[in-house]
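I opened my notebook for a structure I had not met before. Here is what I looked up, entry by entry.

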Amino acid sequence: GTSFSLTCSSYIELDQFRTTRINKKANANIRNLTNKIDATVYTGVDATMLHVDKRLMGKEYDLIIFNFPRASTMTGVTNENANLMLNFFLSAKQKLC
């Protein structure tokens, strides 16, 4: 069979979820990911700094997916969103096998 590992992350720190309306759902999702499919879950991950995050040191990935990237609440292409994507790609490139 095929072996794989899954690492999931959130920019929001776990403690910050407590102040949101999705706290229970976020905690349930984390429990399901870790208990049911043995995923590793990290919170407080800056997708533009993957290459220097101490928790990710020494790890390489076949695939990195950045769901819902937004640097601002503005819709469409903004300088902030363009810079976010550029910096994500530069950082992710260093973590790929």
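**Entry 1: a loop and a patch**

I began with isoleucine 37, which sits in the loop between helix H2 (23–36) and strand E2 (40–43). Helices (H or I, at least four residues) and strands (E, at least two) are DSSP runs, numbered from the N terminus. I noted that this is a predicted model, where local features need pLDDT of at least 70 and side-chain atom pairs count only at pLDDT 80 or more, while totals for chains, interfaces and linings use all residues. Residues are numbered from 1 along each chain as its sequence is written, and side-chain values use heavy atoms, with hydrogens and water left out.

Is isoleucine 37 buried or exposed? I found it partly exposed, with a relative accessible area of 47%. My cut-offs: buried is under 20% relative accessible area, exposed is over 50%, and partly exposed lies in between (1.4 Å probe, protein chains only).

Ile37 joins Phe4 and Leu6 in a nonpolar surface patch of about 320 Å². Such patches take residues with over 30% relative accessible area and no salt bridge, with nonpolar side chains (Val, Leu, Ile, Met, Phe, Trp, Tyr) joined within 5 Å and like charges within 9 Å. A salt bridge here is a side-chain nitrogen of Lys or Arg within 4 Å of a carboxyl oxygen of Asp or Glu. The areas come from the Shrake-Rupley method with a 1.4 Å probe; for residues, only the protein chains shown count as cover.

**Entry 2: the rings**

How many aromatic pairs are there? I got 2 aromatic pairs, using rings of Phe, Tyr and Trp (its six-membered ring) with centres within 6.5 Å; planes under 30 degrees apart are stacked, over 60 edge-to-face, and the rest tilted. Phenylalanine 66 and phenylalanine 88 make a tilted pair, 4.7 Å centre to centre with 55° between the planes. This pair links distant parts of the chain, 22 residues apart: phenylalanine 66 is in the loop between E2 and helix H3 (79–93), and phenylalanine 88 is in helix H3.

Phenylalanine 88 is buried at 5% relative accessible area. Its ring centre is 5.3 Å from that of phenylalanine 89 and the planes are at 50°, so this pair is tilted. Phenylalanine 89 is partly exposed at 49%, and phenylalanine 66 is partly exposed at 25%. Ring pairs link Phe66, Phe88 and Phe89 into a cluster.

**Entry 3: the whole protein**

I counted 3 helices and 2 strands, in the pattern β-α-α-β-α along the sequence. Buried residues make up 24% of the 97 residues.
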